[in-house]
Amino acid sequence: MQISLTELDDETVRSMSVGAVFPDYVGKINSIDFHRTEDLLVTASEDDSVRLYNTANATLLKTTYHKKHGADRICFTHHPSSIICSSRYNLDSSESLRYLSMYDNRCLRYFKGHKERVVSLCMSPINDSFMSGSLDHSVRLWDLRVNACQGIMRLRGRPTVAYDQQGLVFAVAMEGGAIKLFDSRSYDKGPFDTFLVGGDTAEVCDIKFSNDGKSMLLTTTNNHIYVLDAYGGEKRCGFSLEPSPNSTVEATFTPDGQYVVSGSGDGTLHAWSISRRNEVASWNTSVGVAACLKWAPRRAMFVTASTVLAFWIPDYSKSTVESVAVENNNVGV
């Protein structure tokens, strides 16, 4: 049953349940990405596999293996069978990023420059530009059509990057919890604004913009989650989760921007209302700590990934039973 995203409410969020599980990974899933317009999901895993799924019916379409370079960060390009993948091995060769065709399992281009592991990767929603942030303390800007790096920023700490949904602005997180905003058309002029998450100097390991561009979602390495006003930087709400040693968790907006869903270090999942700043649902899962979690762009569906991949969809037969007193469980930080 397909649920329109305009129908998302507390009951629908509470009813989310595992609809399909893929347990056949060997090791941890490193990253996942949904295509913006097609019903497709791609995963990159420690077993060196890149896997493509149809999200309309939760089926595996294709698996490719990348033994030479491995598969770490991953994101779709605009073409549904083309992806960008960062390497886990042979980083000294500078072949840290690859433009791959899933259609014929071919590398279309190498992007050389990073000397250490890439920890953040995102594609512009409007053109062939993409960005990468690496443990070599640099953010690089690229164009799919050109091998050479188009721009570079040197900074301290672990860099995290994200475009807004219109592709007009991008954010870079750096040491000390600073978030710098750039005009993507004139980034060489420097940031036009800088936000600080007051009192929390933990490194930001993930940034997401809401679809309407009004909010930013930050996840830190110590498993704090913040929702900021994307225009002024004010903190709209914050939530604290159980720590996850040697791993980070991922949080996601729902497409309507009304809820945040996240994993936690104890293996549970949580959902909060942003406007009311309270928890509306929690789940005890048997699928491990969700190091990766993303909500599908156009469906009432999210996906979690640990050492298994799980598709979550509404199950209204459960929602009336589980509408217990989670509404008043506020865990703001």
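## Close-up views of charged pairs and contacts

**View A. Arg298 is partly exposed, with a relative accessible area of 35%.** Keep in mind that the model you're looking at is predicted. Why does Arg298 count as partly exposed? Its 35% sits between the marks used here, since buried means under 20% and exposed means over 50%. Arg298 makes a salt bridge with Asp39, and the closest N and O atoms are 2.7 Å apart. This pair links distant parts of the chain, 259 residues apart: Arg298 sits in the loop between strand S26 (292-295) and strand S27 (302-305), while Asp39 sits in the loop between strand S2 (29-34) and strand S3 (40-45). Asp39 is partly exposed too, with a relative accessible area of 25%. In general, side chains of opposite charge can pair when their charged atoms come close.

**View B. Arg117 pairs up with Asp72 in a salt bridge.** Here the closest N and O atoms are 2.5 Å apart. Arg117 belongs to the loop between strand S9 (106-111) and S10, and Asp72 to the loop between strand S5 (59-65) and strand S6 (74-76), so this pair ties together parts that are 45 residues apart in sequence. Is Asp72 buried or exposed? Asp72 is buried, because its relative accessible area is 2%, which is under the 20% mark. Its partner Arg117 is partly exposed, at 32%.

**View C. Asp128 and Arg145 form another salt bridge.** The closest N and O atoms of this pair are 3.7 Å apart. Look for Asp128 in the loop between S10 and strand S11 (129-134), and for Arg145 in the loop between strand S12 (138-143) and strand S13 (146-154); the pair therefore ties together parts that are 17 residues apart in sequence. Arg145 is exposed because its relative accessible area, 58%, is over 50%. Asp128, on the other hand, is partly exposed, at 26% relative accessibility.

**View D. Four residues join up in a network of salt bridges.** Which residues are linked in this network? They are Asp206, Lys208, Glu250 and Lys294. If you feel like hunting for others, the structure holds 18 salt bridges.

**View E. Lys214, Lys235, Arg236 and Arg277 form a positive surface patch.** Pick out Arg236 in strand S21 (residues 235-240). Arg236 is partly exposed, with a relative accessible area of 32%.

**View F. Ser120 is a buried residue in a strand.** Its strand is S10 (residues 118-123). Ser120 is buried because its relative accessible area is 7%, which is under 20%. A polar atom of the Ser120 side chain lies 3.0 Å from the backbone nitrogen of Val161.

**View G. His69 and Asn90 are separated along the chain, but how far apart are they in space, C-alpha to C-alpha?** They are 21 residues apart in sequence and 6.2 Å apart in space. His69 is found in the loop between S5 and S6. With 4% relative accessibility, His69 counts as buried.

**View H. Thr194 sits in strand S17 (residues 193-196).** Thr194 is partly exposed, with a relative accessible area of 36%. Now find Gly233, which is 39 residues away from Thr194 along the chain. The C-alpha atoms of these two residues are separated by 8.1 Å.

Technical notes: Residues are numbered from 1 along each chain as its sequence is written. This is a predicted model: local features need pLDDT of at least 70, side-chain atom pairs count only at pLDDT 80 or more; totals for chains, interfaces and linings use all residues. Side-chain values use heavy atoms; hydrogens and water are left out. Patches are made of residues with over 30% relative accessible area and no salt bridge: like charges are joined within 9 Å, nonpolar side chains (Val, Leu, Ile, Met, Phe, Trp, Tyr) within 5 Å. Accessible areas come from the Shrake-Rupley method with a 1.4 Å probe; for residues, only the protein chains shown count as cover. A salt bridge is a side-chain nitrogen of Lys or Arg within 4 Å of a carboxyl oxygen of Asp or Glu. Lys and Arg count as positive and Asp and Glu as negative; His and the chain ends are not counted. The place of a charge is taken as NZ of Lys, CZ of Arg, CG of Asp or CD of Glu. Helices (H or I, at least four residues) and strands (E, at least two) are DSSP runs, numbered from the N terminus. Buried means under 20% relative accessible area, exposed over 50%, partly exposed in between (1.4 Å probe, protein chains only). A polar contact is a pair of N or O atoms within 3.5 Å; within protein, one must be able to donate a hydrogen and the other to accept it, and residues adjacent in sequence count only if both atoms are side-chain atoms.
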